[in-house]
Amino acid sequence: MLRVAVPNKGSLSEKATEMLRAAGYSLRPNAKTLAHTDNVNEIEFFYLRPRDIAVYIGRGILDIGITGRDLLLESGAEAKEIMSLGFGASRFHYAGPAGAFADPSELSGKSIATSYPELVQQDLKQRGMSASIVPLDGAVEVSIQLGVADAIADVVETGTTLRAAGLETIGEPILRSEGVLIGRDGPPREAEDPKQIELRTDILLRRLESVIVARDYVLIDYDVAEENLEAAIAITPGFESPTVSTLHDRGWFAVRAMVPSADQHTLMDKLYSVGARAILVSRIDACRI
């Protein structure tokens, strides 16, 4: 069976669970379950701390997993990003007291508190800087107030927590992170049937890609007269090509195409302006591209 690591709690867990369920997999019945087997799809799901997932993948204990890009890079494990999943977006930033630092270069020689010492060390090295890194397990914002550090480096989602602590980000993000699917950056896990593992992995990838497409696209249907058909098709060329069918009334056609969901209202306006009528939009629950 394919062995898959899933975050056991937090926002990554919620979004990963939602995505896997949309992809047709059976998941654990409650939050206390640490392992669950989907016999129909021949997959075992293991629920782990997001920080530990890359380690299990890198050591060849599990085949594939979902975690954050920041956690993957921080782990130093022999694991690699396979695909981004479009949820859990965040920025990894230096931050300090409001007005204290205008640029990360001013942190040279200062003390920086963080839960991501490897990421910070890598960034400092790239900048040709040195600073004292104070590793903490969490709640790094208060470290400045307590005199533990001059600045921090942490994940920022909305910035609300920073502002509440009287802090502001310094410069551009060190890293832009999100939920990612990862695999081993080396020989695959030893298994009785490696080809079966490869097959199940390919199916999982295809299903997740399809979920992403289904969320980003909608189906648009409309009727259009023959003289306006080409103009309408130019507006909705579809994912590959639109479906065009003749209607009972001569000289009229029904058109169906996939379009980006974010553009649906603009496209409806454009279609109407070129003579399309009975314009309908439908959500896509599942697909294979």
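1. Does Glu 42 count as buried, partly exposed or exposed? At 28% relative accessibility, Glu 42 counts as partly exposed, because that value falls between the 20% limit for buried and the 50% limit for exposed. Please keep in mind throughout that this is a predicted model.

2. Glu 42 also makes a good starting point for a tour, since its side chain meets that of Arg 200 in a salt bridge (3.3 Å, N to O). Glu 42 lies in the loop between β2 (35–38) and β3, while Arg 200 belongs to helix α7, so the pair ties together parts that are 158 residues apart in sequence. Unlike its partly exposed partner, Arg 200 is buried, with a relative accessible area of 16%.

3. Helix α7 itself covers residues 194–216. Its 23 residues should span 33 Å at 1.5 Å a residue, and the C-alpha atoms at its ends are indeed 33 Å apart, so expectation and model agree. Arg 200 is one of the buried residues of α7, a list that also includes Ile 197, Ile 203, Leu 204, Leu 205, Leu 208, Val 211 and Val 213. Polar names appear there too, among them Thr 201, Arg 207 and Ser 210.

4. Now look at the salt bridge between the side chains of Glu 44 and Arg 3 (3.8 Å, N to O). This pair links distant parts of the chain: Glu 44 is in strand β3 (residues 43–48) and Arg 3 in strand β1, 41 residues apart. Both partners are partly exposed, Glu 44 with a relative accessible area of 23% and Arg 3 with 25%.

5. There are further charged contacts to find, as the structure holds 10 salt bridges. One of them joins the side chains of Asp 52 and Arg 49 (3.2 Å, N to O). Asp 52 is partly exposed at 26% relative accessible area, and Arg 49 is partly exposed at 40%. Elsewhere, Arg 69, Glu 81 and Glu 178 are linked in a network of salt bridges.

6. Strand β4 (residues 64–68) deserves a visit of its own. Five of its five residues are buried, and the cover extends to both faces: Ile 64, Ile 66 and Gly 68 lie on one side, with Gly 65 and Thr 67 on the other.

7. What are the strand partners of β4? Strand β1 (residues 2–7) runs parallel to β4 and is joined to it by two bridges; here Val 4 stands opposite Ile 64. With strand β11 (residues 179–184), β4 pairs in the antiparallel sense over five bridges, and Gly 65 stands opposite Ile 182.

8. For a view of the surface, turn to Leu 136, Val 142, Leu 146 and Val 148. These four form a nonpolar patch with about 320 Å² of accessible area together. Leu 146 sits in the loop between α5 (142–145) and β9 (151–156). With a relative accessible area of 61%, Leu 146 is exposed, because the value is over 50%.

9. Finally, a word on the record. An unreviewed UniProt entry carries the annotation "domain: ATP phosphoribosyltransferase catalytic" for residues 49–188. Over that stretch the chain is 26% helix and 36% strand, and the end C-alpha atoms are 22 Å apart.

Methods
Residues numbered from 1 in each chain as written. Predicted model: local features only at pLDDT ≥ 70, side-chain atom pairs only at ≥ 80, totals over all residues. Heavy atoms only, no water. Buried < 20%, exposed > 50% of the residue type's maximum accessible area, 1.4 Å probe, protein only. Helix = DSSP H or I, 4+ residues; strand = E, 2+ residues; numbered from the N terminus. Pairing = 2+ DSSP bridges. Expected span 1.5 Å × (residues − 1). Patch = residues over 30% accessible without salt bridge, like charges linked within 9 Å, V, L, I, M, F, W, Y side chains within 5 Å. Areas by Shrake-Rupley, 256 points an atom, 1.4 Å probe, with all protein chains shown as cover. UniProt positions renumbered as here; feature names shortened; annotations may be inferred.
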